[in-house]
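Student: Could we go through this structure together and check each term against its definition?

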Amino acid sequence: MTSAFPPLKNDLLLRAARGEETERAPVWVMRQAGRYLPEFHEVRAHHSFFEVCRTPALSMELTLQPIRRYAGLIDAAIIFSDILVVPQAMGMEVQMNPGPYFPDPLVTPADVEKLTKHVDVDKELGYVYEAITITRKALDGQVPLIGFCGAPWTLFSYMIEGGGTKTFQKSKTWLFKYPEESKALLMRIADVCVDFLVGQIKAGAQLVQVFDSWAGELAPHDFEQFSLPYLKHIATNVRSKLAAAQIPAVPMTLFPKGANTALASLAEHAGYDVIGIDWCIEPSEARRLVSDKVALQGNMDPNVLYGGKDAIEREAKRMCEGFKGGKSVKGWIANLGHGITPGRPGRPPLVLRMCAQILD
Ligand code: 1CP
């Protein structure tokens, strides 16, 4: 299958993800296909969010938008989709109005019965695979294509809260009141994630990222119990399933937002090649904690983009120096510390250009 794709002309991301020293840091932006781009709104004006996700040609179009607009400045594409396609595949209804809304969330463990018993992931999410395959062809080897899924704890919280939350009260009630049932559900989600990532890699994803956006909401000992084992399960099983199918492994990135106290343990035990960090930890401290076990990705505060040219320049320089730790950029992927926000922030290209020039 791989041989059917055009040869890759820019492999900076893949080399950095493998911990290799690169001539400059590769750059991409979480949520780079999104609401800060006028051309994104153009497409969304005519199509609902999940219609875009389910229509491979539209998903491809949104994936390519930032690559076109910032040609030569972005070193990766990420497939346009959402982490919430996994709860949908498990039988839950999810709407986007404008944030995620589950009309029928899981209230008690008895509700788990309502989920599909044996999820045929390839059938339910085949539209994502198709989007990946056509997008990888359309990219024509310009940059690698990233696939992704949500982490079990983060998806669990949406499935129980019924949408976004500030308190995590309902999902944490489950953890503390029904720990065994919670673990069983987390494992069911993890198994779907394994098949989903394997399917994305078979379809052409050249790196996959697991988003644990709400990792930092858990106490360190709860993260150890309710998130880490499932993250590990995903990394181990994706690799073993690929090996069994004789498909070459691809680098795997984990973004455990806010779980900075877990960095050393994640680097040692979780099984990922890259760990994404947010802005609440200094790059040098993150590097000290993970040693040379993984590559790092991140970590500028997305709101710096609203601070004007001087602030952006100053913070980009600070970030570059922090990750450089001397003169090499061993295993660093420049990115924001979370997704770029929808209000038209200034100058993402400026940031990208500065990160790209780090070794000049
Ligand atoms: O109407 C719209 O267009 C909605 C905005 C939007 C977009 C552009 C949503 C709804 N999802 C997306 C795309 C998306 N989501 C991508 C595309 C690829 C990219 O360019 O990066 C990705 C990777 C995601 C992943 C995602 N969805 C995460 C993990 C990353 C993160 O930012 O933490 C999460 C938590 C979601 C849930 C979600 N989907 C959409 C929104 C607004 C949210 C967050 C809601 C909340 O705060 O709880």
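Tutor: Happy to; here are some questions on the fold, one helix, the sheet and the ligand shell.
The model is predicted: local features need pLDDT of at least 70, side-chain atom pairs count only at pLDDT 80 or more, and totals for chains, interfaces and linings use all residues. Residues are numbered from 1 along each chain as its sequence is written.

Student: How do you know that the chain agrees with a compact globule?

Tutor: The radius of gyration is taken over C-alpha atoms, and the globule rule is 2.2 Å times the number of residues to the power 0.38. For 360 residues that gives near 21 Å, and the chain has 19 Å, so the two agree.

Student: What makes the span of helix H10 agree with its number of residues?

Tutor: Helices are DSSP runs of H or I with at least four residues, strands are runs of E with at least two, and both are numbered from the N terminus. The expected span is 1.5 Å times one less than the number of residues. H10 (residues 179-203) has 25 residues and should span 36 Å; its end C-alpha atoms are 36 Å apart, so the values agree. After H10 comes Gly204, with a positive phi near 130°.

Student: Why are E1 and E9 called edge strands?

Tutor: Two strands pair if DSSP finds at least two bridges between them. The open sheet has 7 strands in the order E1-E4-E5-E6-E7-E8-E9, with parallel pairing. Strands E1 (77-78) and E9 (332-336) each pair on one side only, so they are the edges. E1 is joined to E4 (residues 145-150) by 2 bridges, and Ala77 stands opposite Leu145 in E4.
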